[in-house]
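Work through the exercises below with the structure open. Try each task before reading its solution.

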Amino acid sequence: MDDPRVRQWLDALWGKSPARGGGTRSVLLAHLLDTAAVAERIWDNYLDDALTRVLDDVAGGAGRGKGLFVWLCGIHDCGKATPAFQCVDPTCAQAVRDAGLSWDRAIVENPRNRRRHDVAGAALLDRRLAQAGWAPEHVAWVWPLVAGHHGSFPDEGGLAEGRRTRGHLQGRGPDWAAAQEAVVGVFTRAVGYPDLTAVQPTAVPSRAVQLALSGLIVMADWIASDHRHFDGLDSIDKVSLAGSRERARAAWNALRLHGGWRRMPVPGPEAFRDRFGHGTRPSQRFVIDIAHRMAEPGLLIVEAPMGEGKTKAALMAAEILGARFGANGTFLGMPTQATCDPMFTEMRQWTSRIRPGLESEVALLHGKRRFTKEWKELLEGATADADDADPFGMADDDALYGMGMGAGIAIDCGEDGEAERRAPAEWFLGAKRGLLTPFVVGTIDQLLFAATRTKHVMLRSAGLAGKVVVLDEVHAADVYMSQFLKEGLWWLGQGRVPVVLLSATLPPAQREELVSAYLAGAASADVFEVGALLPEPGGYPSVTAAWLDGKGDAQLLVEHAQSWRDDLAVAVRVLDEERDERPDERPDEDHRPPGHVRAGDRAVAGLLADRLRDGGCALVIRNTVARAQDTYRAVGEHFGADADVRLLHGRLHAADRAERTEACLRLLGRPGPGRVAPGKRLILVATQIAEQSFDVDADILITDVAPIDHLLQRIGRLHRHAHPAARPKALRTPEVVVTGFARRGQGRGLWWDPGTKAIYGEYLLLRTAVEVLAADGGAWAIPRQVPELVARVYDGDPAADERKAFEEWAQRQTERAAKAEKYLLTRRGEHGRPTLAGLHYAGRRGESDDERFRALVRDGEPSAEVILVRRDDDLGYRTLAGRRLSVNGEVAPEQLDEVLGATVRLPSGGLSEAAERDLGPLAGWRDDPWLRHSKALVLDAELAAVVGEFAVRYDPELGLVTTRGT
């Protein structure tokens, strides 16, 4: 910087305005060096060994990866050295013009011109790297990292606009070119390179590594943008790498960021007992053995009966794979929010036994976590749980261009000592950052989101890249969800992320698809045909392991073991539905006349009265909320005070659902103080919420018909734990009663409950009914028969009377797969592309909203969420529980949990559409960061309201009841 003009330019070019820099303008070079210093902290204290080894290889040898990583993180904002950015703040802009860097204000400051310093930076760097002699293939993968640091990657066409070297937005004339060259050159020398040529990598990383690297650049940028730790430096004389390193050290310590288990030794033979307090079952031992035998990171599929202990085996396998291949944590994806909560407890116990204190690095990640008792207790004393708001007031640079959501709210990090910290660092709790926490329990949606073309998808990729990924109940992914699951597996395969998939059993075709998707990613190909290479498991439980060796050849292990317990002979009985003929019935609405009990519910109540004559616990699973509500009413009226009848479904408000779920898991759990007392009657009526990873033990199961794999999952709640002496004598033989359909008579086929048919389609129900009817009055040997039952339903050609249903099902499968394709992260035929350019073609700019994303990756049909409040005559509003709010609905801080706890999801379709159209926040919510995007459903004194053509009512026992027409 011997040239005084260069010094003057560097002193004038700003990176943060006073509003974003804690009241002081900050020169651009300060932010570049601050970000580089944060990157050093990330490398030393957070990154997994697997990624650091990859980056060493990319940079040209051991020890070189850190320098490249630091440079990439710091250089991300070089595009701020353009008129496109420098004109944004009028006061700062004047100082730049005074330094001799001018622009045509009529053009540059015209609001109609896009001002994107990320794309401008990519164009600037693209030009400078080429001038420095970089090979085209390295320029091609580096510029998208700069262009994408605000969440989306433009294509070559988007960059072309920024390549206009004489363009007004980019900076015209030799002074601008010299100033930009100075910014890049001074920064490059400051971080240890003699010149730009010396930075050039020697290898092109895979796109998966590029995507994870992009997410880490965003992470470093966001940390370095926190003005509480990186206040403004208004003179180039105050800027140095040493100073930035001190600021980064202080920020890192204050934020208390950690990086998982960090170079953990491979667990020994006694590790399982140390972690879980008991020895291994045969199936768990062979899962652990295969995890030791896998020569490279790969995919491990565990198929085992319900209650076999798959999750514990998977956590042990994750620990082994993580230690062997350099991962730094674990993501455990569960099928539902309700199943996440108990697994959160289990993961915290597991990590605490790996190393005391590690449990504080476990995050619970789903949209209703604030109502989970354990999560709430862990956050007591913390200042915020930022599920929907940004707790660090990060400068959303998109907001500078009229495209952002704003900065959110700022909170105090707190002064508690490290030893007192019980939950993950608050920084990880901010919007879009959850997966960056070292250990995460969340819904499988979190992985599926990472396979969508949504803004800031790179943060999800960075969070998954350093982990072992474990996904439970993968068989439950329908054809729509499976598109995202396979896309996610492709990216994990390319990134060499170890993955463990758990299922009771998989149809052979689905198992092959999952293995093919992972291996295709590992091979950087669109498809990878495993075909005859993948044998069928020879027994049950089984493990399938797959990876690519150093030559790119597929290596497969398919083995089986003995189950830990003998088969259960589960008696199978069909209860033909006694039905009311109501041709106008809508499957998920209440059309029952007052006082009317459906014939099918009377039959269920009568059967329960017979089976529970000596006490016992029954589980009744209905396929729709309306049926569950009807059955609950009928059974409750039948038993009165003679039984404890409970209801659980997804249309309860959030706080009520969390409380009911916790109570049911306790009352129907393992034998012990919390379980319902012997001799008492307990009946739980539930929807599919009780189907998967729901650790309850019922003496008898009554269930609506469902495809065979779902039906077998439900049977997994039956006699789950071994305590025969505690069961009533009449219920010591497990029994499943299947209803929801009926035989019409010779040659007339089957009648289906309309809601069941709407959910599952007729074909798989027909195939399942064949197996159920064949077993009626007999028994299934569980688990031994599970694989053959699933194979018989899903494999083989349809019978003549199934042909029409099969064709409708196949067409629907094709349509739903095509519907998902337009949201996938990669276009068909483009998996082999070498860079991230154009990844966000037609991208979705979604908020960090669990429910919106859930609709995207689950079924594409959004269902609205509303917060229930009560009108308080002329005095304004009350909470659902009755506490008074202000006349406009303003919520005091101590009332927030109560208000948010009254959130309920509406059924998709007409009611949700009407809510999206007609409802909005209360007037007093519009400036509240937690409530401003919420929809209020205002109920009258009878807890009822009208939305569009729908009448809705919230019943304290039944939950939300909906009726079309008023």
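**Exercise 1.** Find the bridge partner of Leu 300 in E9.

*Solution.* Start with the model itself: it is predicted. Next, locate the two strands. E3 covers residues 299-303, and E9 covers residues 542-548. They pair in the antiparallel sense, over 5 bridges. Now read across from Leu 300: its bridge partner in E9 is Ala 545.

**Exercise 2.** Place E3 and E9 in their sheet, and explain why one side of E5 and of E10 is left without a neighbour there.

*Solution.* Write down the strand order: E5-E6-E4-E7-E8-E3-E9-E10. That is an open sheet of 8 strands with mixed pairing. Then look at the edges. E5 (362-365) and E10 (554-560) stand there, each with a single partner strand, so one side of each has no neighbour in the sheet. Finally, check the turn: neighbouring strands are rotated by 15° against each other on average, direction ignored.

**Exercise 3.** Which strands does helix H23 lie across?

*Solution.* Find H23 at residues 508-522. The helix lies across E3, E8 (499-503), E9 and E10. Against E9, H23 runs at about 20°.

**Exercise 4.** Trace the contacts of Ile 42 in the largest nonpolar core.

*Solution.* The core has 151 residues. Ile 42, Phe 69 and Trp 71 have the most contacts inside it. Helix H12 (residues 207-224) gives the most to this core, with 12 residues. Now set aside neighbours of Ile 42 within four places in sequence. Its contacts are then Leu 47, Phe 69, Leu 216, Met 219, Ala 220 and Trp 252. Last, look for another core lying apart. That one has 73 residues, including Ile 715, Ala 775, Val 790 and Val 904.

Key:
Residues are numbered from 1 along each chain as its sequence is written. This is a predicted model: local features need pLDDT of at least 70, side-chain atom pairs count only at pLDDT 80 or more; totals for chains, interfaces and linings use all residues. Side-chain values use heavy atoms; hydrogens and water are left out. Two strands pair if DSSP finds at least two bridges between them. Helices (H or I, at least four residues) and strands (E, at least two) are DSSP runs, numbered from the N terminus. Axes are lines fitted to C-alpha atoms, for helices over the stretch in contact, and angles run from 0 to 180 degrees between N-to-C directions. Contact means heavy atoms within 4.5 Å. A nonpolar core is a set of buried Ala, Val, Leu, Ile, Met, Phe, Trp, Tyr and Cys residues joined through side-chain atoms within 4.5 Å. Buried means under 20% relative accessible area, exposed over 50%, partly exposed in between (1.4 Å probe, protein chains only).
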